[in-house]
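Visitor: Hi, could you walk me through this one? I'd like to start with the strands.

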Amino acid sequence: MPLLFTGFNAFGQHECGASTPAFITEINAPVSTQNQCTISIGWRYAALAFGRKLCLRGLLDDGPNECVTLEATGDIRALAATDSHCLVLLQSGQLYRVQPKLQAELVAVRLEAAPRSNSGTKRSIFGAAKAPSSPIIEHIACGSHINVAISSENCVYSIPSCLHQFSERQFRVKQLQCGHEHAVLLNANGDVFTWGNGLRGQLGLAVLRVEETPQLLEALAGIKITQIAAGGWHSAAISAFGDLYTWGLNCSGQLGMRVMKPGGVLKEPTVYPLPQLQDLPECDCSQGGESNDYCEPLRVFAGSRHTLLIRRCGRLWVSGWCKHGQLGRQLRNLSYVDAFQALEGITMNPTADEVLCGPWSTLLHLKVSLD
């Protein structure tokens with residue numbers, strides 16, 4: 001189960017033998033990744049977990065190529081890395097935080113209790129009621145200025161404070177993503193909610209503003225969404241009909257939209273506050289035949305200023321900033337690609353393989369051997 005990397009690696013976050021590989025390169029990883037591993041990528045370090053073990057590698061204290069390994073009290077379910085810390089979620093629902101340094105230690109995160117409809121302490125013939133137990137966390141995500149956790153009771157935490165609770169009993173969170181300053185949530189019904197800083201259009205609202213609590217993305221209401229992604233200051237979503245929507249900041253073509261008008265003199269709009277339906281190029285793979293429906297987008301991923309998507313045929317398509325090789329291809333004299341292009345030489349399992357975007361990098365976790 002190889003790990004393939006491309007992008008910014010100046011601090012030795014990944015063992016690939018290059019500070020910034022311009023092409024996708026297989027990297028060294030612990031043997032345990034042959035079974036099951038969880039990965040999250042920050043700007044100056046990478047976090048990798050297998051079982052109870054957590055490995056942090058990169059610039060931790062004094063220089064590059066530093067590494068520290070910790071052991072949690074239970075198996076690790078999810079990681080969310082940002083420059084100042086990494087959130088660690090255990091299978092039990094317990095949440096920890098660790099600072100990326102050589103003397104790192106896992107510290108339990110104390111979350112505010114969810115609001116209750118009746119104030120005061122209830123009593124019964126058996127005495128005082130038990131104090132509320134710690135929330136069981138099911139989803140985590142973070143960015144440079146936002147930290148989000150969602151509990152089994154549908155409480156949304158801006159860690160450590162509970163800022164919202166979805167009241168619907170049938171409400172089930174399917175996916176949670178964070179950009180630098182905003183969050184995007186997808187529920188099982190296909191509805192999208194956004195909150196945080198929306199001054200660069202990343203919330204998908206007509207008005208550029210900050211939203212403190214989750215807001216239904218009205219522009220996509222009635223469209224069943226199956227996948228979401230949150231980049232630094234942009235967002236993306238794929239519908240059940242195979243349509244790709246992007247919105248937010250497009251300074252480097254991360255929305256898959258042109259940066260400059262024809263002629264290269266005048267700029268197109270930099271911010272697109274409402275979701276834009278993307279007309280993707282036709283896929284020229286042999287599997288689709290004359291029908292492009294076979295090559296509809298299935299999954300979408302986003303870094304700080306780049307976006308990737310996997311089409312049903314397994315091909316990976318990329319757009320956005322590529323200065324550090326994060327798009328997996330060397331582009332002479334170009335710092336960005338402002339239209340989705342196929343990444344040649346890579347065919348993925350569209351449902352099983354994983355794509356992880358760091359701020360300036362991309363990691364492919366293939367579930368089958370390259371041989």
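Guide: Here is a short tour of some strands and cysteines. This is a predicted model, where local features need pLDDT of at least 70, side-chain atom pairs count only at pLDDT 80 or more, and totals for chains, interfaces and linings use all residues. Residues are numbered from 1 along each chain as its sequence is written, and side-chain values use heavy atoms, with hydrogens and water left out.

Visitor: Okay. Is strand β1 buried or exposed?

Guide: Strand β1 covers residues 3-7, and 5 of the 5 are buried, so it is largely enclosed by the rest of the structure. Buried means under 20% relative accessible area, exposed means over 50%, and partly exposed is in between (1.4 Å probe, protein chains only). Strands are DSSP runs of E with at least two residues, numbered from the N terminus.

Visitor: Which strands does β1 pair with?

Guide: One is β30, residues 361-365, joined in the antiparallel sense over 5 bridges. There, L3 stands opposite H365. Another is β2, residues 25-26, also antiparallel, over 2 bridges. L4 has E26 as its bridge partner in β2. Two strands pair if DSSP finds at least two bridges between them.

Visitor: What order do the strands take in the sheet with β7?

Guide: The order is β7-β8-β9-β10, an open sheet of 4 strands with antiparallel pairing. β7 (76-81) and β10 (107-108) are at the edges with a single partner strand each, so one side of each has no neighbour in the sheet. β7 and β8 (residues 86-90) share 5 bridges. I76 is matched with L90 in β8.

Visitor: And which strands are at the edges of the sheet with β18?

Guide: That open sheet runs β17-β18-β19-β20, antiparallel. Its edges are β17 (173-178) and β20 (210-216), each with a single partner strand, so one side of each is left without a neighbour in the sheet. Strand β19 (residues 192-197) pairs with β20 over 4 bridges. In that pairing, T194 has Q215 as its bridge partner.

Visitor: New topic. How many disulfides are there?

Guide: The count is 0. The rule asks for a pair of cysteine sulfur atoms within 2.5 Å. C295 is in no disulfide, and the nearest cysteine sulfur, that of C285, is 3.4 Å away.

Visitor: Is C295 buried or exposed?

Guide: C295 is buried, at 1% relative accessibility. C37 is buried too, with a relative accessible area of 7%.
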